[in-house]
Every structure is written in structure tokens, then in C-alpha cells.
Amino acid sequence: MSTRPINLESIAATYQLIRPYIRRTPIVEANGADFGLDSINVVFKLELLQHSGSFKARGAFTHLLTRQTPPAGVVAASGGNHGVAVACAARELGKRARIFVPAVASAEKLERIRGYGADLVVTGERYADALAASEAWAARSGALEIHAYDQVETLLGQGTVGLEFEEQFPQLDTLLVAVGGGGLIGGVAAWYTGRIKIIGVEPEAAPTLTKALNAGYPVDSPAGGIAADALAPKRVGELMFPIAKRHVDGVLLVSDAAIQEAQEALWKVLRVVTEPGGAAAFAALLSRRYEPKPRESVGVLLCGGNTTAVNFRSHAGAAGANSVPPDFSAAVAKPL
């Protein structure tokens, strides 16, 4: 494992290395009034447009570009998005990949992993089961382990989201970030180092960072809810936790219903389709769990879009391929 520090200099160097392989994802500015909120400035970072459909591609390419890959290739455990990203990066760089995912992973993510040519193994009910299976495979085969959130390379790669966002919109006051294992918020907080307010957002059914901060160290927590395929590991990472204690200003919990409402609002107002985990950060703002000050500029990371919530082919008949699917709300309400 790398001994590089997780700081501004290392994140900047990582960005230069992976830049040819990732997308510089756009931002969209909106008035809070568009969503029935106070007239604040909301700035969305559309990381769901990243290669593989989520920010995870940044960490995956960092691993494969900075570590030597053995003949057995690479192995990863994932609720879905990390596996898609590792499969994507491995195909791009000509490496073998085996991905272990739990049964809770969405059909869309399984399809994308297979589409990138990786060996896919579905095992266990939750991420922790898939992780144990991947570790056993690594021990048997000698494959290089790529952890979803608790390795230096992962945090450095995800930290480049913060670097890019600051370059695109340096006036941010606050940034809302969804939390699963903590790789994204850990990397982003390591980049900003207190220059803006960083707020974590977790599903009520998977309060990993909340539990850790209350205990003073990472502990096991419940792992369920509508975003379980993205935001429900057993606990946050050991590497991100000291960063969170120093640079994360608070953590908010949101309900599954609030996440679904955020998905619907993003579609109706911006025509952006996110997966539940991708909409969680915005759910804190839309549900008023986070109350911004007047004229505050609030950033929101829309971190993932691997979902089957909209199926254009099934509605391309009389309704027209470009119309709003009539059963969209029902589709969003399904755990994906």
C-alpha cells in the first residue's frame, strides 16, 4: 500500500496523472427557487457523467496507473459503482479484472461490469460479504486488491473531484457529499482542508460516519436502505476517519423517501437522472435537513447515475421517446 500523504500536493499530482483517462465533469448552477427552496445559489457537480457512471473511475485509474499489476490481474469488491469503475479502467489499460458484488447490487451495475469484460461474481447479501470473498480470491490468486474506499490511491483519486470543483467554482461556501465508506468525502475534505464547509450526507439506514464520529473511531453500523448498493458498507474506512474528524463539519441523515424525492426533483427540473446514492447529497438540501444561510453558495456532488429508473425503449411508442415516462415516480421508488 502506498505511503504517500493524502494532501493537496499528492492530489494535484494524481490529477495530472489520471487527467488523460477521466472526464472533467461539468457543473450546473441553479437557483434554489427552482426547487422550491430559498433563493440560494446551488452548484451541482455532475460526476455521474464520469466514465463508468460515477466518481469511482478516478480512484480506479489512480490504482492502475500507480501500482504494478500481477499476471492474475486486479480484484475488487463493490456494491456496484466501484466494480464498474475498476472494470472500466482495467479494460482501458489492458488488465484482467475480477469483481465481487453482493446480491443487493442493481441490475444496471451488473450489466455494466459484464459489458466492460470483467469476470463478475455475485456473492452474499451485502458489501462486507463480497469484500470477504474478494480477499480470499486475492490470497489464492495473487491478484492486486483495489479497495473501494480504504486505500491511499482511492482517496487521492477521489480527492481530484474537489480539485476540479474548486477550479470550476472557487466561490463555494459549503459542499454536500454523500457518504458510504468515506472515500469520496475523505478525498474531497483532504483537498479543501477547511477552506469551505464540508457536510456529509448519509441514509438513515446506513449511518456509517455518524456512528464512527459518535464512537470516536470506525465501528460497524446498519447497512440497508434504498441506496444500499452504493452507501452501505459495514463501516467507514480507517484512512478517511482522521480526515473527517479534522475537516468534515457535520453529517446529516436523510430518509429513503427524501432520496426518492431528490431523484424526482433532479429529473423534473434539470432532466438529470441519478441513482439513489447519487441523489443523497441533494436530499439533505431539498428536505431542509441542511439549512443554508441567505445568499450561501451550496455545492452538491451528484456522484452516480447507474440506474434503470428510466427505460426509454419501453416508452418509445405512442408516448414518444423524448417524453417523461409515465411511471417514472414508481420506477424511482424501487430500491436500485
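**Figure 1. Arg271 sits over a Trp ring.** In this predicted model, the charged end of Arg271 lies over the ring of Trp267. The distance to the ring centre is 4.7 Å.

**Figure 2. Arg98 lies over the face of Trp137.** Here the partners are Arg98 and Trp137. Arg98 is 3.9 Å from the centre of the Trp137 ring.

**Figure 3. Phe35 meets Phe282 edge-to-face.** A pair of aromatic rings is described by the distance of the centres and the angle of the planes. The whole structure holds five aromatic pairs. In the one between Phe35 and Phe282, the centres are 4.9 Å apart and the planes make an angle of 70°. Phe35 belongs to the loop between strand S1 (27-31) and strand S2 (41-46), and Phe282 to helix H11 (residues 276-286), so this pair ties together parts that are 247 residues apart in sequence. Buried means under 20% relative accessible area. Phe35 has 11% relative accessibility, so Phe35 counts as buried. Phe282 has 0%, so Phe282 is buried too.

**Figure 4. Phe44 pairs with Phe282.** The two ring centres are 5.2 Å apart and the planes stand at 70°, so Phe44 and Phe282 are edge-to-face. Phe44 is in strand S2 and Phe282 in helix H11, so the pair ties together parts 238 residues apart in sequence. Phe44 is buried, because its relative accessible area is 0%. Phe35, Phe44 and Phe282 make up one aromatic cluster.

**Figure 5. Glu164 forms a salt bridge with Lys45.** Side chains of opposite charge can pair when their charged atoms come close. The count for this structure is seven salt bridges. In the bridge between Glu164 and Lys45, the closest N and O atoms are 2.6 Å apart. Glu164 lies in helix H6 (residues 152-168) and Lys45 in strand S2, so the bridge ties together parts 119 residues apart in sequence. Glu164 and Lys45 are both buried.

**Figure 6. Arg58 meets Glu47 and Glu164 in salt bridges.** The Arg58 and Glu47 side chains come together at 2.5 Å, N to O. Arg58 is in helix H2 (residues 56-66), and Glu47 is in the loop between S2 and H2, 11 residues apart. At 0% relative accessibility, Arg58 counts as buried. Glu47 is buried as well, at 1%. Glu164 and Arg58 form a salt bridge at 2.8 Å, N to O. Glu164 lies in helix H6 and Arg58 in helix H2, so this bridge ties together parts 106 residues apart in sequence. What links Lys45, Glu47, Arg58 and Glu164? A network of salt bridges.

Notes:
Residues are numbered from 1 along each chain as its sequence is written. This is a predicted model: local features need pLDDT of at least 70, side-chain atom pairs count only at pLDDT 80 or more; totals for chains, interfaces and linings use all residues. Side-chain values use heavy atoms; hydrogens and water are left out. Rings of Phe, Tyr and Trp (its six-membered ring) pair if their centres lie within 6.5 Å; planes under 30 degrees apart count as stacked, over 60 as edge-to-face and the rest as tilted. Helices (H or I, at least four residues) and strands (E, at least two) are DSSP runs, numbered from the N terminus. Buried means under 20% relative accessible area, exposed over 50%, partly exposed in between (1.4 Å probe, protein chains only). A charge sits over a ring if NZ of Lys or CZ of Arg is within 6 Å of the ring centre and within 35 degrees of the ring normal. A salt bridge is a side-chain nitrogen of Lys or Arg within 4 Å of a carboxyl oxygen of Asp or Glu.
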